[in-house]
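Q: Please take a close look at one part of this structure, the place where charged side chains meet, and then set that part in the context of the whole chain.

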Amino acid sequence: MALRLLLAAPYLLFASGPPVLVVAAAVFVASVGFVATLPLQEQLLALTPDPVRGQVQGVESAGRMTWQSIGAAIAGGVAQQLTPSTTITAIAAVSVAITVVSRDDSVRCQGE
């Protein structure tokens with residue numbers, strides 16, 4: 001959970017208009033959060049029968065990239081109306097909220 005929050009939480013710093021070095025450090029720290037996807041992929045593979053693991057990984061990857069693209073398009077649309085720092089902060093807040101709300105689902109899946 002903490003690593004998944006790390007994906008978006010550092011971007012909340014953009015609300016305060018920090019200096020460039022702080023922004024660079026926040027983006028670096030947020031990038032470390034991508035490590036959170038590895039246990040999720042391992043869990044998916046553990047639940048997938050051997051004969052279809054390749055297809056399942058392909059579908060998961062395509063779905064993840066599709067939703068990342070949709071998120072980027074939404075962020076771009078929001079950025080047309082707001083300042084960059086406000087947009088980054090708002091999208092980060094939504095991402096943190098989704099991560100917290102979806103926590104129950106991932107915990108439930110791990111228990112099964």
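A: In this predicted model, Glu60 and Arg64 form a salt bridge, with their closest N and O atoms 2.9 Å apart. Both residues belong to helix H4, which covers residues 53-79. Glu60 and Arg64 are four residues apart, and that is about one turn of the helix.

How open to the surroundings are the two partners? Glu60 has a relative accessible area of 25%, so Glu60 counts as partly exposed. Arg64, at 29%, is partly exposed as well. The class called partly exposed runs between the cut-offs of 20% and 50%, and the values for Glu60 and Arg64 can be read against it.

The whole structure holds two salt bridges. Besides the bridge of Glu60 and Arg64, there is one between the side chains of Asp50 and Arg53, with an N to O distance of 3.2 Å. Here the two partners fall into separate classes: Asp50 is exposed, with a relative accessible area of 58%, whereas Arg53 is partly exposed at 31%. The residue range of helix H4 starts at 53.

Next, the charges of the chain as a whole. There are 5 positive and 6 negative side chains. The centres of these two sets lie 4 Å apart.

Another kind of side-chain pair is found in the aromatic residues. The structure has one aromatic pair. Its members are Tyr11 and Phe14, whose ring centres are 5.8 Å apart and whose planes meet at 25°, so the pair is stacked. The cut-off behind that word is an angle under 30 degrees. Phe14 is buried, with a relative accessible area of 13%, while Tyr11 is partly exposed at 24%.

Finally, the setting. The chain has six helices and zero strands, and from the N terminus on its elements run α-α-α-α-α-α. Its C-alpha atoms fill a box of roughly 50 × 25 × 25 Å along the principal axes. Of the 112 residues, 16% count as buried, and Phe14 is one that is buried. The accessible surface of the chain is about 7,500 Å², and 71% of this belongs to carbon and sulfur atoms. Among contacts between residues at least 6 apart in sequence, 60% join residues at least 24 apart. The bridge that opened this answer spans a shorter stretch of sequence, with Glu60 and Arg64 four residues apart in helix H4.

Key. Residues are numbered from 1 along each chain as its sequence is written. This is a predicted model: local features need pLDDT of at least 70, side-chain atom pairs count only at pLDDT 80 or more; totals for chains, interfaces and linings use all residues. Side-chain values use heavy atoms; hydrogens and water are left out. Rings of Phe, Tyr and Trp (its six-membered ring) pair if their centres lie within 6.5 Å; planes under 30 degrees apart count as stacked, over 60 as edge-to-face and the rest as tilted. Buried means under 20% relative accessible area, exposed over 50%, partly exposed in between (1.4 Å probe, protein chains only). Helices (H or I, at least four residues) and strands (E, at least two) are DSSP runs, numbered from the N terminus. Contact means heavy atoms within 4.5 Å. Accessible areas come from the Shrake-Rupley method with a 1.4 Å probe; for residues, only the protein chains shown count as cover. Lys and Arg count as positive and Asp and Glu as negative; His and the chain ends are not counted. The place of a charge is taken as NZ of Lys, CZ of Arg, CG of Asp or CD of Glu. A salt bridge is a side-chain nitrogen of Lys or Arg within 4 Å of a carboxyl oxygen of Asp or Glu.
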